[in-house]
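Please walk through this assembly, beginning with the protein surface around one of the DNA strands and then turning to the way two of the chains meet.

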There are 4 protein chains.
Amino acid sequence: MSDALSPRKAPRQRRSAHTVEAILEAAALVLEEEGLDGFNTNAIARRAGASIGTLYQYFPSKDALTLALLLREEAKAHAQAAAAAALPSWRDALSAFIDAAARQQLTRPNLARLLDQEEERPDIRAAKDGAHSFADLLLILLDKPDAPADLRDPARRAVAAADLLTIIRAMVDAAGQRGETDVPDLARRVHAAALGYLAA
Amino acid sequence: MSDALSPRKAPRQRRSAHTVEAILEAAALVLEEEGLDGFNTNAIARRAGASIGTLYQYFPSKDALTLALLLREEAKAHAQAAAAAALPSWRDALSAFIDAAARQQLTRPNLARLLDQEEERPDIRAAKDGAHSFADLLLILLDKPDAPADLRDPARRAVAAADLLTIIRAMVDAAGQRGETDVPDLARRVHAAALGYLAA
Amino acid sequence: MSDALSPRKAPRQRRSAHTVEAILEAAALVLEEEGLDGFNTNAIARRAGASIGTLYQYFPSKDALTLALLLREEAKAHAQAAAAAALPSWRDALSAFIDAAARQQLTRPNLARLLDQEEERPDIRAAKDGAHSFADLLLILLDKPDAPADLRDPARRAVAAADLLTIIRAMVDAAGQRGETDVPDLARRVHAAALGYLAA
Amino acid sequence: MSDALSPRKAPRQRRSAHTVEAILEAAALVLEEEGLDGFNTNAIARRAGASIGTLYQYFPSKDALTLALLLREEAKAHAQAAAAAALPSWRDALSAFIDAAARQQLTRPNLARLLDQEEERPDIRAAKDGAHSFADLLLILLDKPDAPADLRDPARRAVAAADLLTIIRAMVDAAGQRGETDVPDLARRVHAAALGYLAA
DNA sequence: TATGAATGAGTGTTCATTCAT
DNA sequence: AATGAATGAACACTCATTCAT
């Protein structure tokens, strides 16, 4: 088992790096345009303008490719979310966090949605493990000095972080799927739900 | 489109009704125990104690079967939710609605979760159309005389109903998947999120 | 793992029995005519006049099919060898045993040879386990009352049985591969080797 | 046929000779440790610390590499066997021949066994042709002045040489595969079989 | 001369669906 | 009406081999 899901070889030449990037982008496009149904290795390779053999030079399995795509997309989102969570005031941080989530999701809604779905698969979850934990960011955020006092209790805080993440994710996902494009409006509603949840 | 997704024949005889029921229950069990991976027509027929040919006598395609299962499960939930939504006070109605959702979800969490997932597929969505609309129930609920005044506006009310449904669904799904079993606690948190959202 | 190598379903209808037989015979023919290189499931199905799906209805994997073919061929040989080994005098029994081996091998030499080769594969060996043990037959044969006295010792007897089987197999294999057709001559030479080994 | 199986270029420089040697040794190790399953050109090149391109500079095909490995291993064994066959007395020569075979086989049993297997492939056989003929050595051995009189007849002698080679090979192969390590005991049993065969 | 990225035919296997019995 | 044998398109993945750099 070992590293059945880790990328097979680090691209050494410039050509390889380009190929890997092309494959990942092709995977993203296929997933976005054809959905999970069309998400097969042959289609991805074709779309990338590469052969199926080339794909398997860099990814030892379809799952590994999916995982890499997931991590790539999440890395982008996570970077923004982390910056948001670093703001000193918890309210500002939460606002920025939600803003980032909304903006990110509405950029490539179908892709984000399908990846959220893939993320639930146990094998993928296990391989991903702690990487890019959005829950951890929320945990930090809720632990800021000016955060509500009842969240001092670590157990309560953990539950709150999980619930908030669930709410934020679900709302931006749904908005993306409905084709909404108004980021500020979406952010406002998510904000209402999040703050409301914490206030109760 | 024709009726590729509608049940092939209305079961007229009692034997037929029994067969259809057996197939649906088998489908539910397979989905619950083996997940989407094991959810194939041959396995379902075997589990139902019927032949694959018989399965195709009653369902013209796998999608039709999936849809029927979805509707069956939702019918149960919808009945309870409708009763809840009928309560005169909007607050009582919402509480009961959330209670019903939590109880329902934690009964067969995996089944509910996987069906939620299947429900997103465009073909299934299209065929399902308006049947068992939980959003409509929430719409009614938010239109009660004692409901918040700002929801008088139909557009706002529609958005609120959709958002509430998204929040409720996501929270009970996540709880089910985490293996939570404490219905009152879950209901309390969902309640917080819902009321908080409306209050903001 | 369980029964990954046991046949998938017992053929119930007459049609199925015929199909299974056709697949096995096709496998034998392909192995004989194309060698291990051409021994692939698609070729076997095509040769059997069946679809690849049908092949997999009866055999859960290529290995299972190989194993079934092995057992089928060995069953024939084993029956004759067992009859030979049952003769009262150990000399008569050994003669008959060798005769049977020579006759069997020269009937379909390539098939027998390739199956001997497949038989070495660890997975196949494990699955086959004790079935059709020719070594056991020789063990019985060498334990007859009139057998050489020095074979009373079980350890020596076991070594002798293994060595004899190795010698007999190798000589008839080689003869088959060389295209020999003179069964009595082959039997005579194998007999010389076997008796000579025991006499020394 | 041309020379698809002959080494692509004679290694002229010392560096080349070293590379060829490294590739052959890597091939031997891979074959020994991973079996025929792991015996692929990429694995061999990696193990040799060379690129796949380099491998193909020296060997025009995988078969050519296999053949070269075969000849290399046989050359070692053949040298010893030839020395044995050169002894004046046929009995001494045969003893020494068997000893050499047993010792050689038990040194790298898995490698020897797998190469014996590859040696049977028609294309390899054809390309190898008469090189390193052990049968010829036995032929010489059985033609010594003090050899049994009935082997004066060339036809009989040829059959005897072939049979002896078959017996010796099979017994040492089997011993190697069983994990035997007692060379003298193995040599004794093979001797018994060989002399017994000739005596009969 | 050496490298290693790229190729793609080939292989084992699955599963929704059909149709003769 | 019921059966289950049969189908075959589709998919994940391998590996010998080539060739631009």
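Around DNA strand E lie 37 residues, of which G53(A), N40(B), N40(C), G53(C) and G53(D) come nearest; a residue is near the strand if its C-beta atom, placed from the backbone, lies within 6 Å of it. This is a predicted model, in which local features need pLDDT of at least 70 and side-chain atom pairs count only at pLDDT 80 or more, whereas totals for chains, interfaces and linings use all residues. Residues are numbered from 1 along each chain as its sequence is written, while chains are lettered from A and ligands numbered from 1 in the order in which they are written.

The residues of the surface near DNA strand E divide into 23 polar, 8 nonpolar and 6 charged, where Ala, Val, Leu, Ile, Met, Phe, Trp, Tyr, Cys and Pro count as nonpolar, Asp, Glu, Lys and Arg as charged, and the others, Gly among them, as polar.

Turning to the protein pair, 15 residues of chain C are in contact with 15 residues of chain D, contact meaning that the C-beta atoms, placed from the backbone, lie within 7 Å. On the side of chain C that touches chain D, α10(C) gives the most, with 7 residues, helices being DSSP runs (H or I, at least four residues) numbered from the N terminus. That side divides into 10 nonpolar, 3 polar and 2 charged residues.

A rotation of 178 degrees with 0.1 Å of shift along its axis superposes chain C on chain D, with an RMSD of 0.4 Å, by least squares on the C-alpha atoms of residues with pLDDT of at least 70 in both. The two copies are therefore related as by a two-fold rotation axis. In chain C, the C-alpha of G196(C) is the nearest to the axis, 1.6 Å from it.

Methods: Two residues are in contact if their C-beta atoms, placed from the backbone, lie within 7 Å. Helices (H or I, at least four residues) and strands (E, at least two) are DSSP runs, numbered from the N terminus.
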